[in-house]
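Okay, can everyone see the screen? I'll put the structure up and then talk through a few spots that caught my eye.

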2 protein chains.
Amino acid sequence: MKRIGVGLLGFGTVGGGVYKTLRSQEDVILKRTETLFEVRSILVKEKEKERSIEGVQPLITTDFDRVLESGVEVIVEAIGGTEPARMYVERALEAGCHVVTANKELMAKHGVQLERLARHHQVQILYEASVGGGIPVLGTMGHFLKANRVQRITGILNGTTNYILTRMAREGASFEEVLAEAQQKGYAEADPAADVDGFDAVYKLAILCRLAFETQVSVQQILREGIRDITPEELELAQRLGYVVKLLATGEQYGEKGPVSLGVSPSLLPISHPLAGVEGVYNAIHLEGDVVGDVTLVGRGAGERPTASAVVEDLSNLFRLPSPKLPLSDSMLLPAGEAGGSRFLFMKLREGEVPEPEKLRQKLERIGLEVVDVVSARGGVAFILRRWDPSYTSVVVTELGLELSQIVSRPVQGGGLCQEQQPEMEGVV
Amino acid sequence: MKRIGVGLLGFGTVGGGVYKTLRSQEDVILKRTETLFEVRSILVKEKEKERSIEGVQPLITTDFDRVLESGVEVIVEAIGGTEPARMYVERALEAGCHVVTANKELMAKHGVQLERLARHHQVQILYEASVGGGIPVLGTMGHFLKANRVQRITGILNGTTNYILTRMAREGASFEEVLAEAQQKGYAEADPAADVDGFDAVYKLAILCRLAFETQVSVQQILREGIRDITPEELELAQRLGYVVKLLATGEQYGEKGPVSLGVSPSLLPISHPLAGVEGVYNAIHLEGDVVGDVTLVGRGAGERPTASAVVEDLSNLFRLPSPKLPLSDSMLLPAGEAGGSRFLFMKLREGEVPEPEKLRQKLERIGLEVVDVVSARGGVAFILRRWDPSYTSVVVTELGLELSQIVSRPVQGGGLCQEQQPEMEGVV
């Protein structure tokens, strides 16, 4: 039996969850890995705050040096954000400690450099909890897709926005109403920007794509669109066309070492797509490999226990599994919005205006757009277009006499046009 | 760079797929694992058969000893069935070779003994491809659920039956019609028993449960019911009640080291369940861990490429990852049918008989059954009952004046009674 000393940085939801999970799972972990993890110190900001967990008080300190001196081989970083988390993680690695973190912003912005630093000091840095909560997606890519080239990733990576969109679609409620209620219940932050404007999903996509495409991306380069402008009317019309609207993170590589296109934006998925039924706070990642085909992983994307689970699984694996080697290269980044493909176009009508879907369809066709399907309701008209590029926005506005605020367009993902998916069998027997 | 000699046993769909995949992915595997896998010999039954793959002929042999003498460190077993596969695998392990196999029957029936033999000779035996095709479910359980106690597994583990049920539900076609067409197209075997009678799923469930519950089960102990008696009427009525019918493999453990209940049978899932939308040849596994909550893995369950992918991923991992340690114990096995819980009851009407759902409901309630919901169509009446045990079958038949062949009952899985699932948020922010 090995005894491993652990230093915890931060004792909020994640830190507290890790502490409790290490206790409740101690026997299982010991039996299966012959390792006993002992929390030897906990770094907090306010030493005097009352802690509900028994036995914790003697471990609490506000001094990072004391954590490093408490006989620890691993630091669990559960502070969040970039500073001071980054400084502590660097110092831990330099001191020869392994690091496990749930910090997506840190790993998206400084992951490459931190992994280099870890390698230099012959320690590991693991961060499964930073993407998809309890879903072992980084482990799957790092260990079970070694012989596959990942060609495309499509993910629902933010639970708060998925929860809001799910409730808007079910109840016909507005974004503002659902957000306000979610905030009241503590399901969304007082400042919801990180979630609803897509920053959180962008961080996670940057991490995923580093592993999937072995390429470096800076978060500023990733297209980012949030969900604030989505209306229940839009959701309803999309549904009548056979689609659901999700905040999707998508990454695609065109050929090995080829250019990469990355983006986070509200997108349509055909109802038959494996991600279409992922509701509420669930997260999911759809991976396409060149041999395996598609694999989808679904699970709880956040919350104390799923996140703590991922951190503690990482802890167990620090001393069991090798670090996935990442020979990173620089790939050309294509702007995600320009990728073409089919498109959902939603036109909000003016107060009292009567929808004239057929007339609008003819107008769109006259300017060269191919309309695959159209539906309308009191508040608006929605189209599925076979092809689209961003330059069409101004053409549509001008030719149809609309204001820019009246139209929204969304990419259609997951197999392009909605069609009855045939069950396939390829050499099954 | 390491060079690893590989001996292939069998050169059918799986063996051929492995050979081709090792070639097409050679550069990726080399780059990521610094290992070059070279097929040095291929064991076949008929040496003279023509092979379409170039360069293969000089490797072909009908003599297993020649394979062992060809400088191999790994044997890939792709013959299927128990004999002679078992004998070859034993001899390979005894000769100090690692083994990778896609053989579910072999690993279900003799896996415990083969793993012991492997450990004794300090080699590994990996078999990811034996369950769920390209889905890395064994790897996930072996490496990413070390700190979790798995409490329940629910799986769609057989692609052929899922394909048949999907088509029956979509087209209202009978089992016989869809099966005949599937056989004609080569999607189902001439003798379909292994698939449609549930043997294949039982093998896979036995393997999964060994890993999940760390317990030995013999395949004979697992409840097994196939899909031959399912009618399109039954599927339609289930759907109208808010459920889908799937051939589900379920395993549940009641407390750590507690009794285990295992079964394969047609079962109902609420439409909102993560497995309900898994259609066609897709397989999926829903895992419930005590910390992580539920994780669902979905992918192609069979076919040349997904299976070859899993085998080649195993090959890469032989020299990278440690064997998961399995401290097996013997658990009490509960008969799966007796577990109680809610139940779907379908009554086929006699020719010309008019459905009288309300009258039947009253009769069922008079004998003590609580009817939650009822629907009827020309061919039959279907009920959701809150509780059921097998003894009710004969009571229902007697009291309602039916013949035994007129009633079918199925367990309702995945959260019991169908209800609008609320999106949950637990400490998300």
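So let's start with B:T215: is this residue buried or exposed? B:T215 is buried, because its relative accessible area comes out at 1%, and the cut-off for calling something buried is under 20%. Keep in mind that this is a predicted model. What's fun here is the location, since B:T215 sits in a loop, the one running between α10 (199-213) and β8 (223-224) of chain B. And what is B:T215 in contact with, once you leave aside the neighbours within four places in sequence? On one side of the numbering you've got B:C209 and B:R210, then there's B:V260, and then a run made of B:L328, B:S329, B:D330 and B:S331.

Over in chain A there's another buried residue, A:P270, with a relative accessible area of 4%. This one belongs to a strand, β10, which covers residues 260-270 of chain A. If you click on A:P270 and then on A:V412, you'll see their C-alpha atoms 8.1 Å from each other, although the two are 142 residues apart along the chain.

Okay, how the two chains relate. Chain B goes onto chain A with a rotation of 180° and 0.0 Å of shift along the axis, and the RMSD is 0.0 Å. That's what a two-fold axis gives you. Which residue of chain B comes closest to that axis? It's B:L297, whose C-alpha is 2.4 Å away from the axis. As for the interface, 100% of the interface residues of chain B are interface residues in chain A as well, so the two copies meet through the same surface.

Next up, cavities. How many cavities of 30 Å³ or more does a search of the whole structure find? Six. The largest one holds about 260 Å³ of space. Its lining has 19 residues, and the ones nearest the centre are B:L126, B:L138, B:G139, B:H143 and B:P324. In terms of elements, β6 (125-126), α6 (137-143) and α12 (304-318) of chain B each put at least two residues into that lining. The largest share is from α6(B), with four residues. And the chemistry of the lining, if you're thinking about what the walls are made of: ten nonpolar, six polar and three charged.

Now some backbone geometry, and let's go to the stretch around α4. Just ahead of that helix there's a cis peptide bond in chain A, from A:E83 to A:P84, with omega near 5°. A:P84 is in the loop between β4 (74-77) and α4 (85-94) of chain A. In chain B, B:E83 and B:P84 are joined by a cis peptide bond too, omega about 5°, and B:P84 is in the loop between β4 (74-77) and α4 of chain B.

Then the helix itself. Which residues of α4(A) are buried? A:A85, A:Y88, A:V89, A:E90, A:A92 and A:L93. Anyone puzzled by the spacing should remember that an α-helix has 3.6 residues a turn, so positions three or four places apart point the same way. In chain B the buried residues of α4 are B:A85, B:Y88, B:V89, B:E90, B:A92 and B:L93. After α4(A) comes A:G96, with a positive phi near 85°, and just after α4(B) you find B:G96, with a positive phi of about 85°.

Glycine with a positive phi is one thing, but here are a couple of residues that aren't glycine. A:K257 has phi near 55°, in the loop between β9 (243-253) and β10 of chain A. A:K257 is exposed, at 60% relative accessible area. B:E34 also has a positive phi, near 55°, and this residue lies in the loop between α2 (26-33) and β2 (35-43) of chain B. B:E34 is partly exposed, at 42%.

Last stop, a helix pair in chain A. The axes of α1 (residues 13-24) and α2 (residues 26-33) come within 4 Å and cross at roughly 65°. From α1(A) you have A:T21, A:L22, A:R23 and A:S24, and they meet A:E26, A:D27 and A:I29 of α2(A). That contact divides into two nonpolar, two polar and three charged residues. Okay, that's my tour, over to you.

Terms used:
Residues numbered from 1 in each chain as written. Chains lettered and ligands numbered in written order. Predicted model: local features only at pLDDT ≥ 70, side-chain atom pairs only at ≥ 80, totals over all residues. Heavy atoms only, no water. Axes fitted to C-alpha atoms, helices over the stretch in contact; angles between N-to-C directions. Contact = heavy atoms within 4.5 Å. Nonpolar A, V, L, I, M, F, W, Y, C, P; charged D, E, K, R; others polar. Least-squares fit on C-alpha atoms with pLDDT ≥ 70 in both. Buried < 20%, exposed > 50% of the residue type's maximum accessible area, 1.4 Å probe, protein only. 1 Å grid on protein atoms, 1.4 Å probe; cavity = no way out; pocket = protein on both sides within 12 Å on 5 of 7 lines; lining within 4 Å. Points joined across faces, edges and corners; volume = space filled by probe spheres on them.
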